Every structure is written in C-alpha cells, then in structure tokens.
Amino acid sequence: MTGDYRDRVPTRTAVPDTALAAIRRYCNNRVPPQHRDEIRVEYDVRGKSVTIYECRPPWHPDLGPTWLRQRIAQLRYNPDDHYWRLYWPNRNGRWHPYDMREPTAQVAELPAAYAREEERI
C-alpha cells in the first residue's frame with residue numbers, strides 16, 4: 001500500500017463545519033483588532049467539544065513567546081439531536097453545565113449569552 005497513513009484516516013471532526021464557522025466568527029469578533037496584541041479569544045476542537053479560551057501575552061519576557069490560555073467556556077455537540085450545550089469551568093478545571101441556557105441547535109447563541117453573563121458579574 002502506498003501513501004501516508006494519514007491519507008487513509010478520516011480527518012472530519014464530529015462538529016459540523018457550519019458550527020465551527022459560527023464559533024470562529026464569535027472568537028474573531030470578540031476582541032477589536034486594535035487590542036489583539038493584548039488579548040485574543042481562541043478555540044480548540046476535540047471530538048464533539050469546542051473549548052473557548054481567553055489568551056493573553058506572557059507578562060514577563062522570561063516566560064517566552066507563548067501566550068497564556070485560560071479556558072472560559074466549552075460547547076458540546078450531541079449529534080443524535082443536533083443540539084449544543086454550554087459548560088463553564090470551575091476553579092479546579094472541572095466543567096459544569098451552564099444552567100442559565102437551555103441546549104440549542106443554534107450554536108452561535110451560546111458563547112454570546114455566556115459572555116453577557118460574565119460581563120454582569
């Protein structure tokens with residue numbers, strides 16, 4: 001058999017592409033361009049979960065160029081009913097369902113709703 005093994009391994013994630021596009025737009029629009037050297041919002045996909053991070057540059061030159069990432073929310077997709085559920089991290093890094101928001105098929109609603117709640121605190 002020829003070719004790289006990665007050519008035979010499916011690379012599609014369990015998360016729909018349209019949902020990833022909505023999450024990407026949310027992250028890109030969360031911080032104005034003039035402040036992106038101070039703060040960014042990024043995401044990672046793992047299986048059926050999308051974790052959203054607040055990222056800041058290192059506060060000291062000895063720490064190197066890697067930005068610090070703090071988990072702020074996680075979106076979990078259920079492919080059986082096509083609904084998303086929002087989770088928040090506690091101080092110990094454990095995820096808990098965000099009970100102020102029902103699961104929804106519209107993933108774009110969830111991070112924005114959570115961000116509004118964080119701003120109230």
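Contact here means heavy atoms within 4.5 Å of each other, and the close-ups below all come from a predicted model.

**View A. S49 and its neighbours at the start of strand β2.** Strand β2 covers residues 49–56, and S49 belongs to it. Leaving aside residues up to four places away in sequence, S49 touches V15, D44, Q74, L75 and R76. Is S49 buried or exposed? With a relative accessibility of 17%, S49 counts as buried, because the cut-off for that label is under 20%.

**View B. The hairpin of β3 and β4, with H82 in the turn.** Follow β3 (68–78) into β4 (83–89) and you pass through the loop that holds H82. The two strands pair in the antiparallel sense, over five bridges, and they form a hairpin with four residues between them. Look for L75 here, as its bridge partner in β4 is L86. In the turn, H82 is worth a pause: its phi is positive, at about 65°, although H82 is not a glycine. H82 counts as partly exposed, because its relative accessibility is 47%.

**View C. The next hairpin, from β4 to β5.** Strand β5 is made of residues 95–97, and it pairs with β4 in the antiparallel sense over three bridges. Here Y87 stands opposite P97 in β5. How many residues lie between β4 and β5 in this hairpin? There are five, and G93 in the turn has a positive phi of about 85°.

**View D. The largest nonpolar core.** Nonpolar side chains tend to be buried together in soluble globular proteins. In this model the largest nonpolar core has 21 residues, of which V50, I52, L75, W84 and V107 touch the most other members. Which elements give two or more residues to this core? They are α1 (17–30), β2, β3 and β4, and α1 gives the most, with six residues. V107 makes a handy place to start looking: apart from residues up to four places away in sequence, V107 touches A19, A22, I23, L75 and W84.

**View E. The aromatic pair of Y77 and W84.** The count of aromatic pairs in the model comes to one. The ring centres of Y77 and W84 are 4.9 Å apart and the ring planes meet at 40°, so this pair is tilted. The label follows because planes under 30 degrees apart would count as stacked and those over 60 as edge-to-face. Both partners are easy to place by their accessibility: Y77 is buried, with a relative accessible area of 9%, and W84 counts as buried at 2%.

**View F. Two arginines over aromatic rings.** Which residue lies over the face of W67? That residue is R40, at 3.6 Å from the ring centre. A second arrangement of this kind involves R69, which lies over the face of Y53 at 3.9 Å from the ring centre.

**View G. The cysteines C27 and C55.** The structure holds zero disulfides. C27 is in none, and the nearest cysteine sulfur to it, that of C55, is 8.9 Å away. A disulfide needs the two sulfur atoms within 2.5 Å, so C27 and C55 do not count as one. C27 is buried, with a relative accessible area of 5%. C55 is buried as well, with a relative accessible area of 0%.

Conventions:
Residues are numbered from 1 along each chain as its sequence is written. This is a predicted model: local features need pLDDT of at least 70, side-chain atom pairs count only at pLDDT 80 or more; totals for chains, interfaces and linings use all residues. Side-chain values use heavy atoms; hydrogens and water are left out. Buried means under 20% relative accessible area, exposed over 50%, partly exposed in between (1.4 Å probe, protein chains only). Two strands pair if DSSP finds at least two bridges between them. A nonpolar core is a set of buried Ala, Val, Leu, Ile, Met, Phe, Trp, Tyr and Cys residues joined through side-chain atoms within 4.5 Å. Rings of Phe, Tyr and Trp (its six-membered ring) pair if their centres lie within 6.5 Å; planes under 30 degrees apart count as stacked, over 60 as edge-to-face and the rest as tilted. A charge sits over a ring if NZ of Lys or CZ of Arg is within 6 Å of the ring centre and within 35 degrees of the ring normal.
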